[in-house]
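Colleague: I'd love a close look at one buried spot in this protein, and then at what else you can tell me from there. Could you walk me through it at the bench-side level?

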Amino acid sequence: MASKAGDNPDSLMALSTAFCLRNLRKTMCYLGDRNKLCLRSDVFLPSEICDKLVNTYMELVHTDSNFKPQDGFFQLFSDPRSTRLTRIQLREDIVQDRDLEAIGKQDLIELHLTSCHNLSARSLRTLTSFRQTLVSLSLFGCSRIFYRKGGAPLAFDEEEEEEEEERPASRQALDTDFSFQGFNRLRLLNLGGLPEEVDVEGLLKPLPALTSLDLSGVQLPRAAFLAQWKERLASLVLYNVDLSEELINTVVELGHLRHLDISREHTSKFKMTRKTLTAIVQGLVNLVSLDISGHIMLDNCTVPHFEEVTGSKNEDQVLNAIEAYTEFRPELAHRAINQLFDIARIQHCSQLLRALQLVIAALKCHKYDKSIQVTGSAALFYLTNTEYRSDQSVRLRRQVIQVVLNGMEQYQEVTVQRNCCLTLCNFSIPEELEFQYGRVNLLLLKILEPARQDESIQRIAVHLCNALVCQVDNHHKEAVGKMGFVKTMLNLIQKKLQDRMCDQVMEFSWSALWNITDETPDNCQMFLNCRGMSLFLDCLKEFPDKQELHRNMLGLLGNVAEVRALRPQLLTPQFISVFSNLLDSKADGIEVSYNACGVLSHIMFDGPEVWAMEEPLRETVMDKMMAAIQSWDVTSRRNINYRSFEPILRLLPQSIAPVSQHWATWALFNLVSVYPSKYCPLLIKEGGIILLEKVLELQTSHEETKEMARKVMEQCENFKEDPMETTR
């Protein structure tokens with residue numbers, strides 16, 4: 001159990017924060033004029049809570065599809081007298097200029113903006129309001145922040161037809177007024193992805209005290225300016241920066257560097273020689289970590305005295321790489337996750353908890369990155385299979401389910417959908433998916449909508465749908481029915497009929513309908529409304545020898561027949577003849593014959609006055625039912641699962657259809673004989689013994705029925721005396 005050690009439950013702080021954010025109007029806020037969200041006047045929140053609220057809000061918006069962005073959310077933090085913000089991380093397109101302006105009076109110490117494409121130069125002006133307090137600033141991937149909205153457009157190709165909103169940076173005027181003058185406390189700065197037009201040297205000149213600088217992907221026309229930090233800089237990231245002799249010579253002067261990253265995504269003209277590496281390592285005596293991945297190595301390059309560098313040699317290195325690259329370098333994280341996938345699939349993952357947490361973090365962080373979603377979901381499939389399952393807590397498994405559902409929601413693409421569906425199959429269904437029950441069903445039904453879905457995905461999705469409606473409460477079944485579950489299954493059946501194909505999808509679809517209609521009249525009604533009976537007859541005719549199919553279809557019709565209001569729709573010469581003929585079926589042992597007899601038993605229970613047809617005669621059908629029941633082996637092991645005997649018990653205390661009473665008594669006798677530990681307690685609990693005594697009192701009951709009723713009561717009596725008896 002050691003690997004669960006770091007997998008603690010959510011803290012009370014985390015749970016409370018999420019609850020408040022999901023229920024803002026019931027907790028901290030009220031709706032003011034023009035439906036504007038306002039902070040209650042008696043609320044005063046310290047920075048620990050405010051930072052947590054903003055950062056959790058961003059995470060929920062990006063990782064929980066049920067959580068919708070709240071208009072005016074950042075306005076709640078506009079007054080530093082009631083709220084204090086110090087360290088916040090905002091990401092992606094949800095962040096607008098007005099959001100930063102709303103918190104402009106706060107004394108921010110850390111502000112990390114990542115890929116906020118909707119920020120313009122308006123936000124640069126807002127940044128200056130934090131200049132006296134800001135210690136750490138990241139503008140990674142926020143290149144448009146350096147352009148004015150609606151400024152004079154720059155020259156562009158006349159043939160480009162993109163909307164202005166699509167590529168505002170390419171068409172709008174560069175803001176040259178902004179300066180880091182006065183940001184005297186700034187120590188850590190990330191300008192990854194800075195546009196080429198921006199004068200990086202001029203921009204950074206007013207910041208003599210920097211200790212950490214990230215210039216990923218930035219073009220450096222004149223590298224010598226980096227030397228201004230040679231007495232201070234401890235960390236320098238030049239990922240995807242074109243290296244040159246000048247740049248290397250300047251870097252070697254930065255004698256205080258502890259962390260240097262000159263890695264690349266793709267190889268470049270610059271070749272890494274042993275001489276260059278030696279110069280770096282010998283010149284930078286304080287260096288603790290060095291990243292040179294992606295470079296072509298010459299002269300048998302090796303780096304002396306370096307143990308912990310990321311790579312693909314072993315599991316430790318792979319996990320280090322995922323951890324280091326996830327946030328800002330998805331392309332490298334993708335490669336590392338691919339390596340982890342191979343380790344989990346072919347070898348054995350020894351650091352399961354860390355591996356899972358890193359893959360989950362990567363999938364959350366890059367919800368819109370298809371390559372990470374593909375490799376991440378594939379890795380999750382192997383990391384959650386049976387081999388690793390005992391080491392996973394409920395919380396961790398729930399996190400896996402949520403990122404998998406996020407992937408399914410975002411990508412209607414074959415590989416992601418297949419990986420996600422296969423990963424869900426590693427969980428106990430429905431139990432482990434119940435906390436996301438409605439959502440997972442909606443997603444699966446959406447996958448099954450297209451007429452021509454990938455065959456393997458269709459099969460897995462139908463299997464999951466079937467498992468999800470098996471052994472769940474009726475309110476779940478009703479809710480899923482309202483989502484269109486019945487119609488979707490019947491559409492699949494219709495398609496398979498057109499293709500004249502009885503495969504697993506066909507059988508699972510009927511099985512799913514059997515499960516979802518169990519004691520759920522609304523879904524039975526839907527089945528009839530959607531031409532279900534017509535499809536039943538077509539399938540019988542097209543596939544006369546498919547035993548599993550017949551069993552599933554008859555099981556479903558047994559559920560329909562239990563609903564009194566729907567039985568008149570089954571009472572036609574065509575349907576009665578079909579059910580009557582199926583009494584002779586030997587398909588799947590006794591199951592098809594048993595279910596056909598069950599359907600007819602409920603119909604007979606409504607009495608002779610509803611039997612309006614001349615052919616077949618009611619008496620003829622009843623005789624055939626009696627003969628079928630007498631032909632069954634009462635010790636048959638069953639392919640059926642009763643959660644309640646109520647539909648069977650209602651057929652016992654009556655004289656209108658003795659054959660129905662006989663079928664019900666036979667069913668009970670078979671089940672309590674073959675599975676006493678499961679069904680004796682159920683029968684006793686539901687008051688079956690009193691109803692069986694009624695069978696003995698009725699003059700209309702057949703003698704054989706009474707004999708069976710006595711045996712059922714005897715079996716239950718014996719079970720009460722010896723409750724340790726197990727099933728045979």
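Modeller: Happy to. Let's begin with L207, which has a relative accessible area of 2% and therefore counts as buried, the cut-off being under 20%. Please keep in mind that this is a predicted model. L207 sits in the loop between α6 (200-204) and β7 (212-214). Leaving aside residues up to four places away in sequence, L207 touches F180, F183, L186, L189 and W229. As for C116, that residue is 91 residues from L207 in sequence, and the two C-alpha atoms lie 24 Å apart in space.

From there, let's turn to the strands. Strand β3 (residues 87-91) pairs with strand β4 (residues 110-114) in the parallel sense, over five bridges. In this pairing, L90 of β3 stands opposite L113 in β4. To get from β3 to β4, the chain passes through helix α3 (residues 97-102), and this β-α-β crossover is right-handed. Strand β4 also runs parallel to strand β5 (residues 136-138), joined to β5 by three bridges. Here E110 is the residue that stands opposite S136 in β5. The chain gets from β4 to β5 by way of helix α4 (residues 121-127), in a β-α-β crossover that is right-handed.

You may also want to know about the cysteines. The structure holds zero disulfides. C29 is buried, because its relative accessibility is 2%. Its closest cysteine sulfur is in C38, and the 8.1 Å between the two sulfurs is too far for a bond, a disulfide needing them within 2.5 Å. C597 is likewise buried, at 0% relative accessibility. For C597 the closest cysteine sulfur belongs to C524, but the 19 Å between them is too far for a bond.

Last, a helix that lends itself to a simple check. Helix α10 (residues 330-346) has 17 residues, so at 1.5 Å a residue it should span 24 Å, and its end C-alpha atoms are indeed 24 Å apart, which agrees. The buried residues of α10 are P330, L332, A333, A336, I337, L340, F341, I343 and A344. What covers these buried residues includes α9 (315-325), α11 (352-365), α12 (370-383) and α13 (386-389).

Technical notes. Residues numbered from 1 in each chain as written. Predicted model: local features only at pLDDT ≥ 70, side-chain atom pairs only at ≥ 80, totals over all residues. Heavy atoms only, no water. Helix = DSSP H or I, 4+ residues; strand = E, 2+ residues; numbered from the N terminus. Expected span 1.5 Å × (residues − 1). Buried < 20%, exposed > 50% of the residue type's maximum accessible area, 1.4 Å probe, protein only. Contact = heavy atoms within 4.5 Å. Pairing = 2+ DSSP bridges. Right-handed = clockwise from strand over helix to strand, strands pointing away.
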